[in-house]
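Welcome to a short set of exercises on reading a protein structure. Take each task in turn, try it yourself, and then follow the steps of the solution.

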Amino acid sequence: KAINEFHLNQLASVGQIAAGIAHEVKNPLTAVKGFLQLLKESPTDEYLDIAQSELNNALATLENLLHVSKPDAEDEPYQPIKLAVELEVLFTLFQDQIYRVEIQRNLLDTETPIYGKRNQLKKALFNLLKNAFEAIPQKGTIFVQHYATDEEIHISIKDTGVGIPPEKLKMLGTPFYTTKPEGTGMGLTQVFSVIYEHQGKIDVHSVPGEGTTFHIKLPKMTNTPTRGVINLNVEYAQGED
Ligand code: ADP
Ligand code: MG
């Protein structure tokens, strides 16, 4: 049963991705087609220039997509990262919004870093904060909580924004799913994939008209996971010989 559900989800994603690509690439290609026709009738540099720039748009879209499907920092090493420090830096990127959105933070004051893909985790937190700001139409508050338990680091980002209808919750993280006119629908795809890669978990809680909370749990890793496994294997092999 679980496999079927997973399969259905995958198929839905593929359809969504295909629709997204088609939509993004169709417009410039349609324009190129039109201008090539015009060129046939009266060759001018102007038509050539437009056709060329539309082709460049289509190529740029495809390049962006390739970038997302193979994240730039895919091979980024696990390294020590202090999330409280990174969060403070990220807040400064939204300084032009503080006249309307207040950030209330309660950040873990610890010197013990966790291990993770620093740039990818920063990007994920940025994407969540950006969504929180965008969810608040006028004035509101974003609450950022960051605390640790024995096993995990918790970060929750709560906004007093528009909220998400229950039937749309399952769409979150699907590539190209967006409800924003200028949205890419790739933000949460990045977030979910990075947290998954770090063996973390995400809970989303949302009340339409009241707001949304994204709650992230990351296991406290004290070292690069792969390195730990490899070392262990080598030691066993030597011991038995
Ligand atoms: P984008 O921001 O480009 O639309 P995302 O993947 O970041 O793409 O988000 C997908 C969709 O999920 C958004 O368009 C929005 O409808 C919904 N969403 C995400 N975060 C929030 C939030 N904090 N509050 C309300 N809706 C949200
Ligand atoms: Mg977004």
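**Exercise 1. The sheet**

How many bridges join β4 to β5, and do these strands run parallel or antiparallel?

*Solution.*

Step 1. Some ground rules come before the count. This is a predicted model, in which local features need pLDDT of at least 70 and side-chain atom pairs count only at pLDDT 80 or more, while totals for chains, interfaces and linings use all residues. Residues are numbered from 1 along each chain as its sequence is written, and chains are lettered from A and ligands numbered from 1 in the order in which they are written.

Step 2. Find the elements: helices (H or I, at least four residues) and strands (E, at least two) are DSSP runs, numbered from the N terminus. Two strands pair if DSSP finds at least two bridges between them.

Step 3. β4 and β5 are joined by seven bridges and run antiparallel. Within this pair, isoleucine 142 stands opposite aspartate 159 in β5.

Step 4. Now move on to the other neighbours. β5 and β7 pair in the antiparallel sense over eight bridges, and the bridge partner of aspartate 159 in β7 is threonine 212. β6 and β7 are antiparallel too, joined by seven bridges, with aspartate 203 facing histidine 215 of β7 as its bridge partner.

Step 5. Put the strands together: five of them form an open sheet in the order β2-β4-β5-β7-β6, with mixed pairing. β2 (101–106) and β6 (201–207) stand at the edges with a single partner strand each, so one side of each is left without a neighbour in the sheet.

**Exercise 2. The turn between β6 and β7**

Find how many residues separate β6 and β7 in their hairpin, and which glycine in the turn has a positive phi.

*Solution.*

Step 1. Three residues lie between the two strands of the hairpin.

Step 2. The glycine is glycine 209, with a phi of about 85°.

Step 3. Compare this with residues that are not glycine. Phenylalanine 176 has a positive phi near 75° and sits in the loop between β5 and α5. Glutamine 199 has a positive phi of about 55° and lies in the loop between α5 and β6.

Step 4. Check the surroundings of both. A residue is buried if 20 or more other C-beta atoms lie within 10 Å of its own, exposed if 12 or fewer, and partly exposed in between, with C-beta atoms placed from the backbone. Phenylalanine 176 has 20 C-beta neighbours inside 10 Å and therefore counts as buried. Glutamine 199 has 11 such neighbours, so glutamine 199 counts as exposed.

**Exercise 3. Helices and the core**

Work out which strands α4 lies across, and which element gives the most residues to the largest nonpolar core.

*Solution.*

Step 1. α4 lies across β2, β4, β5 and β7, running at about 20° to β5. Such angles run from 0 to 180 degrees between N-to-C directions, using axes fitted to C-alpha atoms, for helices over the stretch in contact.

Step 2. A nonpolar core is a set of buried Ala, Val, Leu, Ile, Met, Phe, Trp, Tyr and Cys residues joined through C-beta atoms within 7 Å. The largest one here has 24 residues, and Ala124, Leu125, Leu128, Ala132, Ile157 and Val191 touch the most other members. α4 gives the most to this core, with seven residues.

Step 3. Look at one member. Leaving out residues up to four places away in sequence, valine 191 touches Ala124, Asn127 and Leu128; contact means C-beta atoms, placed from the backbone, within 7 Å.

Step 4. Valine 191 is one of the buried residues of α5, which also include Leu188, Val194 and Ile195. Their cover includes α4, β6 and β7.

**Exercise 4. The ligand shell**

Find how many residues surround ligand 1, and sort them by class.

*Solution.*

Step 1. Count residues whose C-beta atom, placed from the backbone, lies within 6 Å of the molecule. There are 22, the closest being Asn131, Ala135, Thr178, Gly183 and Gly187.

Step 2. α4 (118–135) and α5 (187–197) are the elements that give two or more residues to this shell. The largest share, four residues, comes from α4.

Step 3. Sort them: eight are nonpolar, 12 polar and two charged. Here Ala, Val, Leu, Ile, Met, Phe, Trp, Tyr, Cys and Pro count as nonpolar, Asp, Glu, Lys and Arg as charged, and the others, Gly among them, as polar.

Definitions and conventions. Two residues are in contact if their C-beta atoms, placed from the backbone, lie within 7 Å.
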